[in-house]
Amino acid sequence: MSVMDALRRRAALSFEVFPPKTDAGMAQLCGEDGVLHHLYALGPDSVSCTYSPGGSDAGKNLAVLDAVQSDGRCDPVTHFPCAGNTKESARRQLQTYLDHGIRHILALRGDSSGLRAGSDFPSVPELVDFIRREFGSAFTIAVAGAPEGLPDSRPLEAEMELLRRKQDSGADYIITRLCWDIDAFRYWLDAIRASGIQLPVEAGILPVLDQAETVGEVLSHSSAIPKSLCRIIAKNWILPNPFVKDPFDADVERKKADFRKAGIEYTVTQIQAYRDCGVGGIHLLTRNRYEDAVLIVRESGLLDRLKTGS
């Protein structure tokens with residue numbers, strides 16, 4: 001079943017991985033009994049792989065996607081940014097993906113500094129329009145949605161207008177940026193539907209597993225932190241205390257374990273809340289780890305979608 005079929009007929013599930021920097025990392029991700037092998041057991045509809053134009057991961061991005069394509073268990077999806085791409089470089093790279101049987105793209109803005117450094121695409125709608133003009137319907141195109149507004153602090157109205165332009169340019173579905181505030185997400189989803197944006201939506205989720213990672217991601221996305229997540233962070237806070245003789249927390253390992261346990265429960269509840277909103281699917285960032293993804297998918301009931309079609 002294709003990604004679009006899954007989004008229309010039942011809850012879709014996708015995973016995101018990144019290109020490892022070493023051969024050992026590639027073997028751990030793509031090799032026998034590797035991360036991908038364990039993710040396939042969860043019945044995903046697609047696996048996406050990140051990509052930085054001109055970066056050291058450019059070739060490994062294709063190698064990861066080739067592995068997913070060769071395995072034949074789900075659709076491979078490449079990230080593809082405006083930043084750093086001219087029309088010629090985009091045309092060449094997109095044709096390479098097609099030649100490798102990779103027909104799904106997540107079109108992104110990418111690093112804003114790259115937009116000033118020779119990109120022919122000032123924003124994602126122009127990239128989507130270019131792909132449609134050059135390749136017709138050869139690609140299924142996902143685009144990003146920002147439930148809490150755009151990262152450069154433009155208001156939600158600007159996000160909706162940008163999404164409308166993405167839809168009009170020929171995008172097929174939306175994968176949202178990370179959002180921990182379910183109320184903000186509901187408001188955004190209702191607002192885009194009321195404005196005429198009817199593209200299916202996958203909710204992007206980073207499992208809450210590590211305190212430093214969670215706080216860092218929340219800050220980098222300028223996201224609101226719900227009270228329930230604040231309580232988990234505060235209860236297990238690990239911080240040097242300058243007012244005691246030994247300023248370091250002696251209970252670090254227990255707090256890490258407790259945070260992970262509470263974070264998994266929080267993530268499961270978050271997934272269930274997003275599904276109750278009526279999203280078309282869940283897009284889970286794995287950080288190239290499978291153990292927690294397996295537990296979260298099973299605990300959240302996402303495996304049941306394969307049996308019930310819901």
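**Exercise 1. Find which exposed residues sit on the face of helix 2 turned away from its buried side.**

Step 1. Helix 2 spans residues 23-30. Helices are DSSP runs of H or I with at least four residues, strands are runs of E with at least two, and both are numbered from the N terminus.

Step 2. Sort by accessibility. Buried means under 20% relative accessible area, exposed over 50%, and partly exposed in between (1.4 Å probe, protein chains only). In helix 2, Gly 25, Met 26 and Leu 29 are buried. Seen down the helix axis, these buried residues fall within an arc of 100°, so they line one face. The arc is taken from the directions between the helix axis and the C-beta atoms.

Step 3. The face turned away carries Asp 23, Ala 24 and Gln 28.

A note on the model: it is predicted, so local features need pLDDT of at least 70 and side-chain atom pairs count only at pLDDT 80 or more, while totals for chains, interfaces and linings use all residues. Residues are numbered from 1 along each chain as its sequence is written, and side-chain values use heavy atoms, with hydrogens and water left out.

**Exercise 2. Work out which parts the salt bridge of Asp 23 ties together.**

Step 1. A salt bridge puts a side-chain nitrogen of Lys or Arg within 4 Å of a carboxyl oxygen of Asp or Glu. Asp 23 forms one with Lys 60, and the closest N and O atoms are 3.8 Å apart.

Step 2. Asp 23 lies in helix 2 and Lys 60 in helix 4 (residues 58-71), so the pair links parts 37 residues apart in sequence.

Step 3. Check accessibility. Asp 23 is exposed at 65%. Lys 60 is partly exposed at 22%.

**Exercise 3. Place His 79 and list its contacts.**

Step 1. His 79 belongs to strand 3 (residues 75-81). His 79 is buried, with a relative accessible area of 7%.

Step 2. Contact means heavy atoms within 4.5 Å. Neighbours within four places in sequence aside, His 79 touches Glu 16, Ser 48, Cys 49, Thr 50, Tyr 51, Leu 106 and Leu 108.

Step 3. Look at the side chains. His 79 and Ser 48 share a polar contact of 3.5 Å. Such a contact is a pair of N or O atoms within 3.5 Å; within protein, one must be able to donate a hydrogen and the other to accept it, and residues adjacent in sequence count only if both atoms are side-chain atoms.
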